[in-house]
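Here is a short set of questions and answers for a first look. Have the sequence and the model open as you read.

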Amino acid sequence: MKTLVWIVGISVLAVALTLAAKSNNGYLLLVLPPYRVEFSLNLLIVLLVAGFMAGYAAVRLILVTLRLPREVRERRSARRREAARATLIEALHEYFAGRYTRAEKAAAAALDAGEHPDIAAVLAGRAAHELRAYQRRDAYLARAASATTGDEVVRIVTEADLLLDQRRYQEALSLLKQLRRKHTAALRLELKAQQQARNWQQVAALSEELRKRNVFDATQAAQVRRYALAENLKRQTLDSSALEAAWDKVPASDRTDRRVATAGAQGFIALGNCDRAHRIVEEALEAGWDSELVALYGLCEGGDIAKRIERAESWLTRHPGDAALLLTLGRLCAERGLWGKAQSYLEASLAIEQTFSAHLALARLQERLGNADAAQRSYHECLELVLEQLKAATGGRRRTPL
């Protein structure tokens with residue numbers, strides 16, 4: 001339809017010009033003695049139009065000729081950029097496909113071509129790292145540092161990640177400190193670095209920050225935080241005041257966790273603060289039963305033994321088949337001098353599960369009672385269990401619990 005309108009319009013214009021030319025009788029007279037030239041006005045108009053068009057075409061030709069070298073250079077540069085971009089895309093494809101040699105080669109070519117040099121250098125560095133070519137990796141990252149214009153997040157995060165892969169966590173932490181504002185990926189790297197550095201207080205704080213950013217759900221964050229709290233408590237077992245301060249900083253919701261309570265109780269037992277250890281175990285077991293934790297209840301001597309026996313026997317009504325609880329009661333009764341009850345509890349524990357600790361406690365009890373033969377048999381059972389454990393460790397047989 002549009003073409004038809006143009007054809008009609010041009011036709012109308014041609015007819016109009018033809019009619020106008022026929023009705024135009026004007027002329028132009030040029031006198032240059034002794035010459036006299038007379039032009040039709042219509043011819044003059046045609047000549048002027050033709051002259052203008054010829055002049056315009058000549059000017060355009062001259063301009064195109066002058067611009068031609070620059071346009072050739074631009075087209076060549078565009079082709080080189082397109083080739084470099086294709087090379088960079090190829091490097092990405094090869095890297096994620098796991099073909100690191102090809103990825104490094106393609107990324108290096110893109111880097112030499114100047115196509116996104118910071119990204120190309122980082123990609124080449126990652127590929128070289130996967131090939132364990134660490135000198136080439138460092139050289140690429142150095143080029144990335146020199147090529148970066150303002151934003152160094154890509155290089156810093158990448159370099160920190162690669163350093164952590166080599167367990168060079170202190171260098172990684174120093175790099176991450178250069179980031180004025182850490183995004184989620186940087187925080188995850190910092191968490192990994194702090195875990196490797198065993199900076200457990202920072203690990204606990206970072207786990208909570210990552211939970212707020214929805215990187216961890218509540219359960220995952222709690223696991224990481226509680227593991228960090230437990231490890232931090234283990235590091236304080238040589239200083240009573242430091243252990244007290246570390247335990248006071250543990251949130252109430254985490255004190256009843258099995259791992260945290262075990263670390264705290266073991267620390268206070270090692271420092272001789274049995275009352276504090278007993279309270280930690282009691283609170284944790286009331287919140288949730290754990291056989292490994294109840295075994296600590298009978299390890300530290302002192303305090304109100306009768307009260308501890310009473311509490312442990314109340315637990316026994318709810319957990320009658322727990323071998324660790326029976327062993328704990330046997331130890332407590334032996335400490336109290338209740339020889340008959342101690343022997344009954346220890347034998348009941350062994351009837352449920354044969355353990356080194358129960359046999360050893362029974363052997364010591366028999367020695368205190370003057371039963372040398374019975375003590376010898378219990379020590380022999382201890383030795384048999386140790387030998388069986390060694391065989392299991394070397395021959396793949398089931399390991400006997402201690």
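**Shape and cores**

Q: How much area does the chain expose, and what share of it do carbon and sulfur atoms supply?
A: This is a predicted model, where local features need pLDDT of at least 70, side-chain atom pairs count only at pLDDT 80 or more, and totals for chains, interfaces and linings use all residues. Residues are numbered from 1 along each chain as its sequence is written, and side-chain values use heavy atoms, leaving out hydrogens and water. Accessible areas come from the Shrake-Rupley method with a 1.4 Å probe. The chain exposes about 24500 Å², and the carbon and sulfur share is 55%.

Q: Why is the chain called more spread out than a compact globule?
A: The globule rule is 2.2 Å times the number of residues to the power 0.38, and the radius of gyration is taken over C-alpha atoms. For 402 residues the rule gives 21 Å, and the chain is well over that, so it is more spread out, with a radius of gyration of 45 Å.

Q: Which helix gives the largest share of the largest nonpolar core?
A: A nonpolar core is a set of buried (under 20% relative accessible area, 1.4 Å probe, protein chains only) Ala, Val, Leu, Ile, Met, Phe, Trp, Tyr and Cys residues joined through side-chain atoms within 4.5 Å. The largest one has 42 residues, and Trp 315 is among those touching the most other members. Its largest share is 8 residues, from helix α17 (residues 323–336).

Q: How many residues are in the second, separate core?
A: Tyr 95 and Ala 110 are among its members. The count for this core is 19 residues.

Key: Buried < 20%, exposed > 50% of the residue type's maximum accessible area, 1.4 Å probe, protein only. Helix = DSSP H or I, 4+ residues; strand = E, 2+ residues; numbered from the N terminus.
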